[in-house]
Amino acid sequence: MAEVTGRARNGWTVITMTGDLALDTAQQAEQRMRGLRSEHGEHLVLDLSGLRYLDSVGLSLLMRFYLAAEGRGGSAVLAGPLQDAVRRVLQITHVDERLTIHPTLDAALAESLPPGATRNG
């Protein structure tokens with residue numbers, strides 16, 4: 001089972017996924033992710049630190065949201081730390097070379113800014 005929660009933070013829509021993102025959970029996860037994106041915006045940080053398992057359907061879902069955000073003028077990054085099983089799927093499929101992956105959520109929020117945003121100070 002995958003649990004998807006989210007909130008707005010520093011101009012980003014932070015979507016946190018825990019559990020298993022797989023064939024039997026992807027549809028429900030996608031509906032929740034769409035709702036969060038509609039509510040908080042197209043600049044996404046996908047927090048995968050609590051994700052234990054990712055299959056091809058879950059990977060496809062992540063890629064669709066990444067590409068949709070870009071296509072709508074938004075952006076997307078991933079945040080960890082990643083579980084070994086999730087990291088392996090991203091490496092085998094070379095998705096880790098395509099997407100920006102930050103070691104932690106705090107690092108993603110500190111190192112990345114949504115386009116058009118500026119740092120204070």
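How close do the axes of H1 and helix H2 (residues 56–71) come, and at what angle do they cross? They come within 10 Å and cross at roughly 20°. This is a predicted model. Its 5 strands form an open sheet with mixed pairing. Helices H1 and H3 pack on that sheet.

**The sheet**
- The strand order is S1-S2-S3-S4-S5.
- Strand S1 (2–9) and strand S5 (101–102) are the edge strands, and each pairs on one side only.
- Strand S2 (residues 12–21) pairs with strand S3 (residues 43–54) in the parallel sense, over 8 bridges.
- Thr 16 has Asp 47 in S3 as its bridge partner.

**Helices on the sheet**
- Helix H1 (residues 26–40) touches S1, S2 and S3.
- The direction of H1 makes about 10° with that of S1.
- Helix H3 (residues 84–92) touches S3, strand S4 (75–79) and S5.
- The direction of H3 makes about 115° with that of S3.

**H1 against H2**
- Angles under 35 degrees count as roughly parallel. H1 and H2 are therefore roughly parallel to each other.
- The crossing of H1 past H2 is right-handed.
- H1 contributes Ala 26, Ala 29, Glu 30, Met 33, Arg 34 and Arg 37 to the contact.
- H2 contributes Val 57, Leu 61, Arg 64, Phe 65 and Ala 68.
- By class, this contact of H1 with H2 has 7 nonpolar residues, 4 charged residues and no polar ones.

Definitions and conventions. Residues numbered from 1 in each chain as written. Predicted model: local features only at pLDDT ≥ 70, side-chain atom pairs only at ≥ 80, totals over all residues. Heavy atoms only, no water. Pairing = 2+ DSSP bridges. Helix = DSSP H or I, 4+ residues; strand = E, 2+ residues; numbered from the N terminus. Contact = heavy atoms within 4.5 Å. Axes fitted to C-alpha atoms, helices over the stretch in contact; angles between N-to-C directions. Parallel < 35°, antiparallel > 145°, perpendicular 65-115°, else oblique. Left-handed = near helix turned anticlockwise from the far one by under 90°. Nonpolar A, V, L, I, M, F, W, Y, C, P; charged D, E, K, R; others polar.
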